[in-house]
Amino acid sequence: MELPKTPSLRLDGKTALVTGASSGIGLACAVALAEAGAKVTAAARSKDKLDTLVGAAQEKGLKMQACALDVSDLDAVSEMLDKSTSFDILVNSAGMARHGPAAETRADDFDAVMDVNLRGAYFLSQMVARKMIAAETGGSIINISSQMAHVGGIERSVYCASKSAVEGFTKAMAIEWGPYQVRINTICPTFVRTALTEATFQNPKRRAWIEDKIKLGRVGEVEDMMGGVVFLASDAAALITGTSLLIDGGWTAD
């Protein structure tokens with residue numbers, strides 16, 4: 001009897017682009033993919049932080065390079081991709097939040113969040129997928145969404161709207177790009193300790209709300225995202241596209 005062989009989680013020989021890689025979840029994703037063997041281009045607006053990350057990664061023998069990039073500047077994104085070979089993996093982790101009561105949302109705050117979370121992720125996915133399709137290599141696109149795409153949240157109407165839209169275009173793109181073996185999925189974290197969430201954790205009322213909702217009894221850490229991103233990027237997820245991996249400690253189980 002010939003036994004089935006478990007698909008590999010290794011990413012040796014693969015190239016990956018990770019946005020928002022200078023801190024938080026994006027940084028963790030960049031490290032995870034590099035540890036799995038991928039050659040990673042770590043992109044973010046802060047070149048100094050990227051250089052620190054890349055230096056630390058290279059000291060550990062990981063393959064990583066820095067790329068200063070603002071995903072809301074589509075001309076700059078297009079220019080960067082024109083100079084690059086096709087990536088095998090894209091992780092859209094660049095994100096922005098401007099929380100506040102829905103009745104007080106300002107147009108400039110709405111536009112700023114949508115420019116990064118939605119517009120930037122949409123068109124970077126499009127541009128990278130075009131190159132994957134042209135190269136006939138297939139690939140994996142992973143959008144860092146949020147549990148807040150699936151539930152409501154206090155003073156998070158704009159953020160929820162942006163991430164719900166990411167879920168929507170991810171499903172639609174999966175349908176179009178499936179025939180080319182380009183897979184596209186989302187990872188939906190719960191509240192994770194990062195610089196972006198620090199203000200929320202400093203608010204006792206908000207922290208109590210969070211801790212009450214997470215069934216596993218603790219908030220997320222960036223390390224909780226690392227296994228998921230490697231899985232979705234790898235051959236182990238070869239038949240997974242157009243879906244969401246909820247890493248939320250059971251928040252959305254209600």
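Trainee: What makes E136, in the loop between α4 and β5, count as exposed?

Mentor: Exposed means over 50% relative accessible area, buried under 20%, and partly exposed in between, with a 1.4 Å probe and protein chains only. E136 has 73% relative accessibility, so it counts as exposed. The helices (H or I, at least four residues) and strands (E, at least two) on either side of such a loop are DSSP runs, numbered from the N terminus. This is a predicted model, where local features need pLDDT of at least 70, side-chain atom pairs count only at pLDDT 80 or more, and totals for chains, interfaces and linings use all residues. Residues are numbered from 1 along each chain as its sequence is written, and side-chain values use heavy atoms, with hydrogens and water left out.

Trainee: And why is E155 called partly exposed?

Mentor: E155 has a relative accessible area of 33%, so it is partly exposed. E155 sits in the loop between β5 and α5. The backbone has a point of interest at both residues: phi is near 60 degrees at E136 and about 55 degrees at E155, positive values although E136 is not a glycine and neither is E155.

Trainee: How do you know that β2 and β3 pair?

Mentor: Two strands pair if DSSP finds at least two bridges between them. Strand β2 (residues 39-44) has five bridges with β3, in the parallel sense, so the rule is met. One of the contributors is V40, whose bridge partner in β3 is M64.

Trainee: What makes β3 and β7 edge strands?

Mentor: The open sheet has seven strands in the order β3-β2-β1-β4-β5-β6-β7, with parallel pairing. β3 (64-68) and β7 (244-247) each pair on one side only. From one strand to the next, the twist averages 20 degrees.

Trainee: What is the angle between α1 and β1?

Mentor: Helix α1 (residues 24-35) runs at about 170 degrees to β1 (15-19). Axes are lines fitted to C-alpha atoms, for helices over the stretch in contact (heavy atoms within 4.5 Å), and angles run from 0 to 180 degrees between N-to-C directions.

Trainee: What makes the lining of the largest cavity four nonpolar, three polar and one charged?

Mentor: Ala, Val, Leu, Ile, Met, Phe, Trp, Tyr, Cys and Pro count as nonpolar, Asp, Glu, Lys and Arg as charged, and the others, Gly among them, as polar. The lining is N92, A94, N117, A121, N143, I144, K163 and V166. Hence A94, A121, I144 and V166 are nonpolar, N92, N117 and N143 polar, and K163 charged.

How values were computed. 1 Å grid on protein atoms, 1.4 Å probe; cavity = no way out; pocket = protein on both sides within 12 Å on 5 of 7 lines; lining within 4 Å.
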